[in-house]
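Reader: I am new to this structure and would like a close look at one part of it. Please take the salt bridges and the residues that form them, and then add what helps to place them among other local features.

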Amino acid sequence: MRQFYSLLIGLFQQISPLLKLLNPKLKLFFEGRKNLFDKLKNDFAENSGCIWIHAASLGEYEQAVPIIEKLKIEYPNYKILVTFFSPSGYEVKKNNSIADVVSYLPLDTSKNAQKFLEIVQPKIAIFVKYEVWPNFMLQSKKYKIPSILVSGVFRENQLFFKPYGKFMRKALQSFDHLFVQDKNSKKLLIENGFQKVSLSGDTRFDRVTQQLNYNNELDFLAEFKQDKKCMICGSTWPEDEKILAEYINSTSEDIKFIIAPHQIHKDKIQSLQQSLKKPSILYSERINQSLSSYQVFILDTIGLLSKAYSYAEIAYVGGAMGKTGLHNILEPATFGIPIIIGKNFKKFPEASQLQQEKGLFSIASYSELKKIIDELINNESHRIQAGKNAKNFIVKRIGATEKIMSYIRQKI
């Protein structure tokens with residue numbers, strides 16, 4: 001089966017010129033891997049030691065950040081290499097990462113894996129969450145490179161646990177240690193013969209907690225908010241914005257709204273702004289404006305949402321009203337504010353857990369949204385307690401990074 005897998009990967013690589021013409025993302029995927037080994041040879045011309053972290057995309061990179069920060073402090077003489085599988089991670093972080101070197105991961109062939117490892121010569125390989133590449137794992141074993149998986153999540157329906165997934169299970173068994181997020185993942189692995197497994201938790205909780213140590217001041221939002229209550233709507237999609245606009249337009253409450261759409265294309269922003277009857281201002285148009293006179297502030301930019309949460313008393317996190325997937329609920333939770341989301345969140349266990357701990361509320365309609373927001377606005381003790389519940393949810397789950405670092409220190 002592994003030979004068939006390798007054959008498919010090789011074929012995928014060979015037909016890349018055709019695939020590049022079919023899809024812009026695939027073009028980035030393949031163009032970014034052009035001359036990859038030459039670039040790595042240049043980056044590691046004087047290789048005195050390297051620690052390699054691999055993430056599929058941006059979300060997994062964020063999970064790795066607390067570990068990377070610790071590694072940079074404790075092993076300053078080693079270069080930190082971060083590789084990405086997808087363009088959505090690499091393109092964002094290629095010039096904006098705390099790592100020393102950022103690269104695409106070569107396609108998973110034995111030849112590519114061997115060449116890659118010979119160039120970078122990592123002291124340890126750290127893979128994040130779901131990333132298991134059979135040929136890279138086999139070659140890492142061959143070169144006696146310790147490898148670990150961090151913040152792993154496992155379910156019975158994954159290929160590793162299917163009768164026909166033996167080659168992937170063998171690749172997973174190649175890891176020296178598996179650090180998983182939850183008890184169910186550990187139980188499942190042990191039942192399937194895995195022994196080197198630890199319940200560490202999720203490094204995302206350490207990551208979001210770090211935000212409290214940063215300067216979260218945004219002068220323009222302070223001017224906009226003044227002393228009013230504020231609700232922030234983060235990473236919203238059209239399905240979210242439809243009911244949010246209806247609430248904003250109908251409310252008589254003296255409350256401000258910050259909206260940070262997931263898509264900031266000009267036509268999407270215009271459509272959102274046109275749906276609002278209350279006075280609204282865009283981030284891109286804020287200069288020389290009396291921001292306090294507006295009721296809605298639209299962040300038509302990226303990179304400010306995590307700070308903007310610090311200005312809110314209530315958060316709405318988008319993605320779950322439709323089927324695009326729920327966005328990050330941990331960022332607002334770490335600021336101790338109650339969170340509202342849509343109805344489609346079954347694939348996001350942290351949302352179910354936070355709902356059980358009464359720091360998160362799910363809605364399926366405009367009437368449910370209105371009822372919950374009105375109650376949170378008008379019942380201060382309820383709002384404050386829900387915020388405390390959200391904060392405690394985060395605090396109880398920090399510490400994964402240190403558990404993982406304790407193991408890494410034994411291997412480097």
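Author: What follows goes through the salt bridges and then turns to a few single residues. The model is predicted.

A search of the whole structure finds 16 salt bridges. One of them joins the side chains of K70 and E402, with 3.9 Å from N to O. This pair links distant parts of the chain, since K70 belongs to helix α5 and E402 to helix α20, which covers residues 400-411, and the two are 332 residues apart. K70 has a relative accessible area of 33% and is therefore partly exposed. E402 is also partly exposed, because its relative accessible area is 33%.

E402 has a second partner in R409, and the closest N and O atoms of that salt bridge are 2.9 Å apart. R409 is partly exposed, with a relative accessible area of 31%. Salt bridges link K70, E402 and R409 into a network that also takes in E74.

Another salt bridge is formed by the side chains of E357 and K396, at 3.1 Å from N to O. Here too the pair links distant parts of the chain: E357 sits in the loop between α17 and β14, K396 in the loop between α19 (380-395) and α20, and 39 residues separate them. E357 counts as partly exposed because its relative accessibility is 23%. K396, at 57% relative accessible area, is exposed.

The loop that holds E357 also holds K358, between α17 (349-356) and β14 (360-362). K358 is not a glycine, yet its phi is positive, at about 60 degrees. Its relative accessible area is 59%, so K358 is exposed. A positive phi, of about 55 degrees, is also found at N35, again not a glycine. N35 lies in the loop between α3 (24-31) and α4 (36-43). With 53% relative accessibility, N35 counts as exposed.

Two further loop residues are buried. S57 lies between β1 (50-55) and α5 (58-74), the helix in which K70 is placed. S57 is buried because its relative accessible area is 15%, which falls under the 20% limit. Apart from neighbours within four places in sequence, S57 is in contact with F84, S86, S88 and G89. With S86 there is a polar contact between the side chains, at 3.0 Å. The C-alpha atoms of S57 and E246 are separated by 34 Å, and these residues are 189 apart along the chain. T109 is in the loop between β3 (101-104) and α7 (110-120). T109 has a relative accessible area of 12% and so is buried. Its side chain reaches the backbone nitrogen of N112 at 3.0 Å.

On the surface, L8, L11 and I15 form a nonpolar patch with about 250 Å² of accessible area together. L11 belongs to helix α1, residues 2-14. L11 counts as partly exposed because its relative accessibility is 46%.

The cysteines come last. A disulfide is a covalent bond between the sulfur atoms of two cysteines. The count of disulfides in this model is zero. C230 is in no disulfide, and the nearest cysteine sulfur, that of C233, is 8.6 Å away, whereas a disulfide requires sulfur atoms within 2.5 Å. C230 is buried, as its relative accessibility is 1%. C50 is buried as well, with a relative accessible area of 0%.

Conventions: Residues are numbered from 1 along each chain as its sequence is written. This is a predicted model: local features need pLDDT of at least 70, side-chain atom pairs count only at pLDDT 80 or more; totals for chains, interfaces and linings use all residues. Side-chain values use heavy atoms; hydrogens and water are left out. Patches are made of residues with over 30% relative accessible area and no salt bridge: like charges are joined within 9 Å, nonpolar side chains (Val, Leu, Ile, Met, Phe, Trp, Tyr) within 5 Å. Accessible areas come from the Shrake-Rupley method with a 1.4 Å probe; for residues, only the protein chains shown count as cover. A salt bridge is a side-chain nitrogen of Lys or Arg within 4 Å of a carboxyl oxygen of Asp or Glu. Helices (H or I, at least four residues) and strands (E, at least two) are DSSP runs, numbered from the N terminus. Buried means under 20% relative accessible area, exposed over 50%, partly exposed in between (1.4 Å probe, protein chains only). Contact means heavy atoms within 4.5 Å. A polar contact is a pair of N or O atoms within 3.5 Å; within protein, one must be able to donate a hydrogen and the other to accept it, and residues adjacent in sequence count only if both atoms are side-chain atoms.
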